[in-house]
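Please take a look at the following chain. Some questions and answers on its fold and packing come after it.

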Amino acid sequence: MILSDKTIKSLLASGQIGISPLEELQIQPASVDVRLGNTFSVIESVGHAVVKMDCSIAYRTVETDRFLLLPGQFVLASTMEYFRLPSNMTAFVEGRSSIGRLGLFIQNAGWVDPGFEGEITLELFNASGSAIELRAGQRIGQLVFAQLDRDAENPYSGKYQGQRKATGSRIHLDEEYHT
């Protein structure tokens, strides 16, 4: 079941969901708008053409209130908000239609697990032929909450728990690369 604005407000007031900072105008009829944080990370060029998933990847991270995303460029960014989900709730990150119509693709693998806590890292891609100016604090997407039928048996406690700022891939830590 997708949560309504009334339910979201009630869960925020009771402390069952945590979102900080949050302004009332961010709460929409069936979602909460998320704002762009001020950290941006790009994969460092390492002199070879292959990114290996079993190796740590180097990122160059900048903190700035404005970031110019060039045509065809990919960057990691973070939400301004820090989220805390209970073990009986999940959330989906969706881009804002108005931003998608500019050619800015917003993704975060689309899913926030029950029990997750942290800022959400967003993967941004400029599919347009023009540079797009990104500004910290601007509404960039929306978080849609869904109630699980019961508490998750194993709520999220993985490698991104508690993350702050744009966080690069940690896929090299996956168990399949260490067997």
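The questions below move from the overall fold to strands, core and side-chain contacts.

Q: In this predicted model, how many helices and strands does the protein chain have?
A: The model is predicted, not experimental. Read along the sequence, the pattern is α-β-β-β-β-β-β-β-α-β-β-β-β. The count is two helices and eleven strands.

Q: What radius of gyration does the protein chain have, set against that of a compact globule?
A: The C-alpha atoms fill a box of roughly 50 × 45 × 25 Å along the principal axes. For 179 residues, a compact globule would come out near 16 Å. The chain agrees with that, at 17 Å.

Q: Among contacts between residues at least 6 apart in sequence, what share joins residues at least 24 apart?
A: The strands give examples of pairing across the sequence. S3 covers residues 31–43, and S3 pairs with S6, residues 74–84. Over the protein chain, the share is 76%.

Q: How many of the 13 residues of S3 are buried?
A: Buried means under 20% relative accessible area. S3 is largely enclosed by the rest of the structure, because the residues that meet this mark number eleven.

Q: Which strand does S3 join through a hairpin of two residues?
A: Two antiparallel bridges link this strand, residues 27–28, to S3. Ile27 has Val32 of S3 as its bridge partner. The hairpin partner is S2.

Q: Which residue of S4 is the bridge partner of Val42?
A: S3 and S4 (residues 59–63) pair antiparallel over five bridges. Val42 is matched there with Arg60.

Q: Which residue of S11 is the bridge partner of Arg35?
A: S3 also pairs with S11 in the antiparallel sense, over four bridges. With S6, S3 has three bridges, and Phe40 stands opposite Ala77. In S11, the partner of Arg35 is Arg139.

Q: Which strand gives the most to the largest nonpolar core?
A: That core has 34 residues. Those with the most contacts inside it are Leu104, Leu124, Leu134, Leu143 and Phe145. The strand that gives the most to this core, with five residues, is S3.

Q: Which side chains of S8 point to one face and are buried?
A: The side chains of S8 (residues 104–107) alternate. Phe105 and Gln107 point to the other face and are not buried. The buried pair is Leu104 and Ile106.

Q: Which residue of S9 is the bridge partner of Ile106?
A: S8 and S9 (residues 117–126) run antiparallel, joined by four bridges. The partner residue, leaving aside neighbours within four places, contacts Leu36, Leu69, Ala77, Leu104 and Leu134, among others. It is Leu124.

Q: Which residue offers its backbone nitrogen to a polar atom of the side chain of Thr121 at 3.1 Å?
A: Thr121 sits in S9. Thr121 counts as buried, because its relative accessibility is 9%. Its side chain also makes a polar contact of 3.4 Å with the side chain of Gln163. The backbone nitrogen at 3.1 Å belongs to Thr167.

Q: Why does the pair of Phe105 and Phe125 count as tilted?
A: There are four aromatic pairs in total. Planes under 30 degrees apart count as stacked and over 60 as edge-to-face. The ring centres of Phe105 and Phe125 are 6.2 Å apart and the planes meet at 45 degrees, so the pair is tilted.

Q: How far apart in sequence are the parts that the pair of Phe105 and Phe125 ties together?
A: Phe105 is partly exposed at 49%, and Phe125 is partly exposed at 32%. Phe105 lies in S8 and Phe125 in S9, so the pair ties together parts separated by 20 residues.

Q: Is Phe116 buried or exposed?
A: The ring of Phe116 pairs with that of Tyr156, with centres 6.0 Å apart and planes at 50 degrees. Phe116 is in the loop between S8 and S9 and Tyr156 in the segment after S11, so parts 40 residues apart are tied together. With a relative accessible area of 7%, Phe116 is buried.

Q: What separates the C-alpha atoms of Pro155 and Ala136?
A: Pro155 is in the segment after S11, and is partly exposed at 34%. Beyond its neighbours within four places, Pro155 contacts Ser87, Pro114 and Gly115. Ala136 is 19 residues away along the chain, and the C-alpha separation is 30 Å.

How values were computed
Residues are numbered from 1 along each chain as its sequence is written. This is a predicted model: local features need pLDDT of at least 70, side-chain atom pairs count only at pLDDT 80 or more; totals for chains, interfaces and linings use all residues. Side-chain values use heavy atoms; hydrogens and water are left out. Buried means under 20% relative accessible area, exposed over 50%, partly exposed in between (1.4 Å probe, protein chains only). Two strands pair if DSSP finds at least two bridges between them. A nonpolar core is a set of buried Ala, Val, Leu, Ile, Met, Phe, Trp, Tyr and Cys residues joined through side-chain atoms within 4.5 Å. Contact means heavy atoms within 4.5 Å. A polar contact is a pair of N or O atoms within 3.5 Å; within protein, one must be able to donate a hydrogen and the other to accept it, and residues adjacent in sequence count only if both atoms are side-chain atoms. Rings of Phe, Tyr and Trp (its six-membered ring) pair if their centres lie within 6.5 Å; planes under 30 degrees apart count as stacked, over 60 as edge-to-face and the rest as tilted. The radius of gyration is taken over C-alpha atoms; the globule rule is 2.2 Å times the number of residues to the power 0.38.
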